[in-house]
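Trainee: I would like to go through this chain with you, one feature at a time. Can we start with the fold and then work down to single side chains?

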Amino acid sequence: MRIGELAERAGTTTRTLRYYESRGLLTARRTEQGYRTYDEDDLRLLQQIRTLQDFGFELEDTRPFVDCLREGHPTGDACPASIAVYRRKVAELDGLIEQLQAVRAQMGAQLLRAEAELPHGTEPRCELGTERDTDTETTEG
């Protein structure tokens, strides 16, 4: 198939395919007339790249998965290098989850403190976003 058909089937653009080619993730074969041609294996590579990017992987992180498919494995994550990337990404996610849990705990404690300081039956007041012209009134008046 030609580049336009591959782009359409993969749900991407020809520009993206050329970029992947320049990065060595996609290899085009050429016809006698110089047109790029691709096959179903190339479509599988693109689907693997897109899936990983949907997970938040950087483009370079997809390389071991692409290489694994090129080596003839049925899936891109059937190789040690791919598993190593998965492990690294899971560790990154674990770190982010820990950070979010810490922020949530701090925010929850702050909320409890703020609620405890309210006089009973009083509605909370928030002055964020309200204009306060007291400074300009005192300097002008």
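**Fold, core and links**

Mentor: The secondary structure of the protein chain comes to six helices and two strands. Keep in mind that this is a predicted model.

Trainee: In what order do the elements of the protein chain run from the N terminus on?

Mentor: There are six helices and two strands to place. Read from the N terminus, the order is α-α-β-β-α-α-α-α.

Trainee: What percentage of the 141 residues of the protein chain counts as buried?

Mentor: The cut-off matters here: buried means under 20% relative accessible area. The chain exposes about 10,500 Å², and carbon and sulfur atoms supply 52% of that area. Of the 141 residues, the share that counts as buried is 23%.

Trainee: Among contacts between residues at least 6 apart in sequence, what share joins residues at least 24 apart?

Mentor: One pair shows such a sequence gap, though by C-alpha distance rather than by contact: glycine 11 and arginine 50 are 39 residues apart in sequence and 9.1 Å apart in space. Glycine 11 sits in the loop between helix 1 and helix 2. For the contacts you ask about, the share is 44%.

Trainee: Is glycine 11 buried, partly exposed or exposed?

Mentor: Partly exposed runs between the 20% and 50% limits. Glycine 11 has a relative accessible area of 49%, so this loop residue is partly exposed.

Trainee: Which elements give two or more residues to the largest nonpolar core?

Mentor: In soluble globular proteins, nonpolar side chains tend to be buried together. Here the largest nonpolar core has 17 residues, and Leu6, Leu17, Tyr20, Leu26 and Leu46 touch the most other members. The elements that give two or more residues to this core are helix 1 (3–10), helix 2 (14–22), helix 3 (40–54) and helix 4 (63–70).

Trainee: Which residues does leucine 17 touch, not counting residues up to four places away in sequence?

Mentor: Leucine 17 is among the core residues that touch the most other members. With residues up to four places away set aside, leucine 17 touches Ile3, Leu6, Ala7, Thr12, Leu26 and Leu46.

Trainee: How many disulfides are there by this rule, and which cysteines form a disulfide?

Mentor: The count comes to one disulfide. The sulfur atoms are 2.1 Å apart, inside the 2.5 Å limit. The partners are cysteine 68 and cysteine 79.

Trainee: Where do cysteine 68 and cysteine 79 lie, and what is the hand of their disulfide?

Mentor: The pair links distant parts of the chain, eleven residues apart. Cysteine 68 is in helix 4, and cysteine 79 is in the loop between helix 4 and helix 5 (80–117). The torsion about their S-S bond is about 85 degrees, so the disulfide is right-handed.

Trainee: Are cysteine 68 and cysteine 79 buried or exposed?

Mentor: Take the relative accessible areas. Cysteine 68 has 1%, and cysteine 79 has 8%. Against the 20% cut-off, cysteine 68 is buried and cysteine 79 is buried.

Trainee: What span does helix 5 reach from its first C-alpha to its last?

Mentor: Helix 5 has 38 residues. At 1.5 Å a residue, 56 Å is expected. The span in the model is close to that, at 56 Å.

Trainee: Which residues of helix 5 are buried, and which helix is included in what covers them?

Mentor: In helix 5, the buried residues are Ser82, Val85 and Lys89. Lys89 has a relative accessible area of 13%. What covers the buried residues of helix 5 includes helix 4.

Trainee: Which residue forms a salt bridge with lysine 89 from the loop between helix 3 and helix 4?

Mentor: Side chains of opposite charge can pair when their charged atoms come close. Here the closest N and O atoms are 3.5 Å apart, and both residues are buried. Lysine 89 lies in helix 5 and its partner in that loop, so the pair ties together parts that are 28 residues apart in sequence. The partner is aspartate 61.

Trainee: Which residues are linked in a network of salt bridges with Asp61?

Mentor: Lysine 89 also bridges to glutamate 92, with closest N and O atoms 3.3 Å apart. Arginine 88 bridges to glutamate 92 at 3.2 Å, and these two lie four residues apart in helix 5, about one turn. The network linked with Asp61 is therefore made up of Arg88, Lys89 and Glu92.

Trainee: How many salt bridges are there by this rule?

Mentor: The rule takes a nitrogen within 4 Å of a carboxyl oxygen. One of them joins lysine 89 and aspartate 61. The count comes to twelve.

Methods. Residues are numbered from 1 along each chain as its sequence is written. This is a predicted model: local features need pLDDT of at least 70, side-chain atom pairs count only at pLDDT 80 or more; totals for chains, interfaces and linings use all residues. Side-chain values use heavy atoms; hydrogens and water are left out. A nonpolar core is a set of buried Ala, Val, Leu, Ile, Met, Phe, Trp, Tyr and Cys residues joined through side-chain atoms within 4.5 Å. Buried means under 20% relative accessible area, exposed over 50%, partly exposed in between (1.4 Å probe, protein chains only). Contact means heavy atoms within 4.5 Å. Accessible areas come from the Shrake-Rupley method with a 1.4 Å probe; for residues, only the protein chains shown count as cover. The expected span of a helix is 1.5 Å times one less than its number of residues. A salt bridge is a side-chain nitrogen of Lys or Arg within 4 Å of a carboxyl oxygen of Asp or Glu.
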